[in-house]
Amino acid sequence: MQALTVHRGLVAFLDRANVDTDAIIPKQFLKSIKRTGFGPNLFDEWRYLDRGEPGMDSSRRPLNPDFPLNQPRFRNASILLARKNFGCGSSREHAPWALEDYGFRVIVAPSFADIFFNNCFKNGLLPIRLTETEIDWLFHEVAAFPGFELVVDLPSQTVSTADGSRRFSFEVDPFRKYCLVNGFDEIGLTLRHADRIREFEARRLSEQPWLGRTLAG
């Protein structure tokens, strides 16, 4: 998992509350469990004017000109500004996969659905909760100033404007913060103890050699 410490990025906004995971990545794309390749189908039903299906060449599909992510000013955005209860609906882990594969590293909103919130941390995304007032101010700034960027400092738990004129603080669980700063997913956390695991397996096989036998039949 890619570590996240200090991230500066272009901000795109999605001015809708209660964006559910079926909107983030529609159900027809859930057949794959590779974690990659979902970026072109992020917000598929809103981004395109036709219905998307697995295997389609999204580069040839008609775009919805009214959808924010299709606007040239938001191209290459890596921070998504959203409204309350982002990521509600089903628990599909494909939702953070699609957001990360598209290029987002940080999602800023007043609130998130619990399962989606947890899945973000497991997949290298940082979900940040700010107050409604702070979110409203950020929406205004993004709309008013094309190219608006934010600097997210996870170690200090702050979100700042690029010029440093405004700064907001956010809360994050210490263990989740540790994992993101060091780029540890659950597998990575386990592999830190690989030597001790191998030692245990070797000792157990030495003390109980029958465990290494293959049963006939």
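# Exercises on a predicted model

Both Arg61 and Asp44 are buried, where buried means under 20% relative accessible area, exposed over 50% and partly exposed in between (1.4 Å probe, protein chains only). This is a predicted model, in which local features need pLDDT of at least 70, side-chain atom pairs count only at pLDDT 80 or more, and totals for chains, interfaces and linings use all residues. Residues are numbered from 1 along each chain as its sequence is written, and side-chain values use heavy atoms, with hydrogens and water left out.

## Exercise 1: salt bridges

Task: Find out how Arg61 and Asp44 meet, then look at two further pairs.

Solution. Step one: start with the definition. A salt bridge is a side-chain nitrogen of Lys or Arg within 4 Å of a carboxyl oxygen of Asp or Glu. The structure holds eight of these salt bridges.

Step two: check the pair. Arg61 and Asp44 form a salt bridge with an N to O distance of 2.8 Å. Asp44 sits in helix H2 (44-47) and Arg61 in the loop between H2 and E2, 17 residues apart. Helices (H or I, at least four residues) and strands (E, at least two) are DSSP runs, numbered from the N terminus.

Step three: move on to Arg83, whose side chain meets that of Asp15 in a salt bridge (2.7 Å, N to O). Arg83 is in the loop between E2 and H3 and Asp15 in the loop between E1 and H1, so this pair ties together parts that are 68 residues apart in sequence. Arg83 is buried at 17%, whereas Asp15 is partly exposed at 48%. Through shared partners, salt bridges join Asp15, Arg83 and Asp136 into one network.

Step four: try Asp22 and Arg92, with their closest N and O atoms 3.1 Å apart. Asp22 is in helix H1 and Arg92 in the loop between E2 and H3, 70 residues apart.

## Exercise 2: the sheet

Task: In what order do the seven strands of the open sheet lie, and which are the edge strands?

Solution. Step one: read the order, which is E4-E3-E2-E1-E5-E6-E7, with mixed pairing. Two strands pair if DSSP finds at least two bridges between them.

Step two: find the edges. Strand E4 (126-129) and strand E7 (167-169) each pair on one side only.

Step three: zoom in on one pair. Strand E3 (residues 106-109) and E4 pair in the parallel sense over four bridges, and Val106 stands opposite Leu126 in E4.

Step four: add a helix. Helix H5 (residues 132-144) packs on the sheet, and the strands it touches include E1 (6-14) and E2 (79-82). Contact here means heavy atoms within 4.5 Å.

## Exercise 3: cysteines

Task: How many disulfides are there, and where is the nearest cysteine sulfur to that of Cys120?

Solution. Step one: apply the rule that a disulfide is a pair of cysteine sulfur atoms within 2.5 Å. The count comes to zero.

Step two: check Cys120, for which the nearest cysteine sulfur, that of Cys88, is 13 Å away. Cys179 is in no disulfide either, with the sulfur of Cys120 the nearest at 14 Å.

Step three: ask about burial. Cys120 is buried at 0% relative accessibility, and Cys179 is buried at 7%.

## Exercise 4: positive phi

Task: What is the phi of Asn18, and where is this residue?

Solution. Step one: recall that most residues other than glycine have a negative phi.

Step two: Asn18 has a positive phi near 55°. Asn18 is in the loop between E1 and helix H1 (21-24) and is partly exposed at 42% relative accessibility.

Notes: Axes fitted to C-alpha atoms, helices over the stretch in contact; angles between N-to-C directions.
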